[in-house]
Amino acid sequence: MILANDFQRQWADAGADVLAAVTEVGESGWYVLGKQVAGFEAALAQYWGLPHAVGVANGLDAIEMSLRALGCGPGDFVLTSPISAFATALAIIKLGATPVFADCAANGLVDLDDCREILSKRPEIHYFVPVHLYGHCLDITKLEALRDEFGVQIVEDCAQSIGTACGRVGQLAATSFYPTKNLGALGDGGAVLCRSDELAAKVRQLRDYGQSRKYVHDVAGYNSRLDELQAAVLLKTFLPRLAGWTKRRQAIAAAYRAGLSNPRITVPEAPADSVWHLFPVLVEGPKTEALAYFRAAGIGVAEHYPQALIEQPALGATFDRKGCERAKQFCRQQMSLPIHPYLTDEEVQKVIEVANSWRG
Ligand SMILES: Cc1ncc(COP(=O)(O)O)c(C=O)c1O
């Protein structure tokens, strides 16, 4: 089977380095918020080209705490992308705020022209969480224009697009180190990035029970700290590999784009600097049949995502599910081909052959 992600190959490559990092933490006798987290935060901030990175427990908390640091809470409205991991919408709901979904563009990312229309009609929307989906960075110039014209506070969801130009338009950027991510840990992890000293301090406070100094809790915060173990693995082992992994993802995407010729499979447009977290395609005809065909041929295809966020039951029975028709249709057709840095050239060719032989 050609897997969507192959962690055993990753371990074969990086396992010895991971064990060395784990040993270092064990020998240090310090497991929470110590020098590994501080070292990783410094390295990540430098990698991203921003002054502050704050390690947190996961990407969901990174979005939620970023919004909260900006003052978002009950009664607020938050514009966001219609297609994403549920965490994007969940972070908004958990704060007692209401997500407002713009529709998607032809490539599944949020349509920034639709965002403009919504923001111009609904002045009560003060927050915006755009998602840089699939490894594709949204149009930065358009994002900046929305920020400046409407004064909307932006938290960029960069969980899928580390290494692109994302994360510099918003007041804050959130990312995830969930194992499948381009920079994934050996478990959960996340980070918040920002320019502002004040916002970074707020997120640091929120992640650690809301304490401003030991045993002084000014706000009711979270327990959302990145572990020393995960930070050490990311710092010593995976962050140094990220540039090479990204290059490999880009080479695989280029091979797919050159090799796929099945008229029943559309490859949506992608920006040139995509880091290809996923390789989405749109299939004509019943998707269940396409998924079954690929899987029977040994290809680990997946869906990102089977439903638009607006269709999720957790939004509540009374949530208005009208609109986002393009996103709903996109999700009905979307399928992801395997794209991880440990795929061999032969496997990439096999995926192309299977895709081109599918008749629907
Ligand atoms: C776009 C997006 N946002 C947020 C998240 C949430 O990250 P986590 O799983 O670390 O909570 C993910 C990953 O699952 C994601 O893909």
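A salt bridge is taken here to be a side-chain nitrogen of Lys or Arg within 4 Å of a carboxyl oxygen of Asp or Glu. In this predicted model, Arg 326 and Asp 111 satisfy that criterion, their closest N and O atoms being 3.0 Å apart. Arg 326 lies in helix 10 (residues 325-333), whereas Asp 111 belongs to the loop between strand 3 (98-101) and helix 5 (112-121), so the pair ties together parts that are 215 residues apart in sequence. The two partners fall into separate burial classes, for Arg 326 is partly exposed, with a relative accessible area of 42%, while Asp 111, at 16%, counts as buried.

**Salt bridges**

The structure holds 20 salt bridges, among them the three set out below.

| Pair | Closest N to O distance |
|---|---|
| Arg 326 and Asp 111 | 3.0 Å |
| Glu 64 and Lys 94 | 2.8 Å |
| Asp 6 and Arg 9 | 3.0 Å |

Glu 64 and Lys 94 form a salt bridge that links distant parts of the chain, with Glu 64 in helix 3 and Lys 94 in helix 4, 30 residues apart. Glu 64 is buried, with a relative accessible area of 3%, whereas Lys 94 is partly exposed, at 44%. The side chains of Asp 6 and Arg 9 also meet in a salt bridge, and both residues are linked with Glu 347 in a network of such bridges. Asp 6 is buried, at 12% relative accessibility, and Arg 9 is partly exposed, at 29%.

**A buried arginine without a partner**

Arg 249, found in helix 8 (residues 228-259), is buried yet has no salt bridge, and the nearest side chain of opposite charge, that of Asp 13, is 12 Å away. Leaving aside neighbours within four places in sequence, Arg 249 is in contact with Thr 180, Lys 181, Asn 182, Val 275, Trp 276, His 277, Ile 339, His 340 and Pro 341.

**The largest pocket**

The largest pocket has a volume of about 470 Å³. Of the 31 residues that line this pocket, the closest to its centre are Tyr 178, Thr 180, Lys 181, His 277 and Tyr 305. Thr 180, Lys 181 and His 277 are also among the contacts of Arg 249. The lining residues divide into 16 nonpolar, 12 polar and three charged. Helix 3 (59-69), helix 4 (86-94) and strand 12 (334-337) each supply at least two residues of the lining, and helix 3 gives the most, with three residues.

Methods: Residues are numbered from 1 along each chain as its sequence is written. This is a predicted model: local features need pLDDT of at least 70, side-chain atom pairs count only at pLDDT 80 or more; totals for chains, interfaces and linings use all residues. Side-chain values use heavy atoms; hydrogens and water are left out. Helices (H or I, at least four residues) and strands (E, at least two) are DSSP runs, numbered from the N terminus. Buried means under 20% relative accessible area, exposed over 50%, partly exposed in between (1.4 Å probe, protein chains only). Lys and Arg count as positive and Asp and Glu as negative; His and the chain ends are not counted. Contact means heavy atoms within 4.5 Å. On a 1 Å grid over the protein atoms alone, a cavity is a set of points where a 1.4 Å probe fits but cannot get out, and a pocket is an open set with protein on both sides within 12 Å along at least five of seven lines; lining residues have an atom within 4 Å of a point. Grid points are joined across faces, edges and corners, and a volume is the space filled by probe spheres set on the points. Ala, Val, Leu, Ile, Met, Phe, Trp, Tyr, Cys and Pro count as nonpolar, Asp, Glu, Lys and Arg as charged, and the others, Gly among them, as polar.
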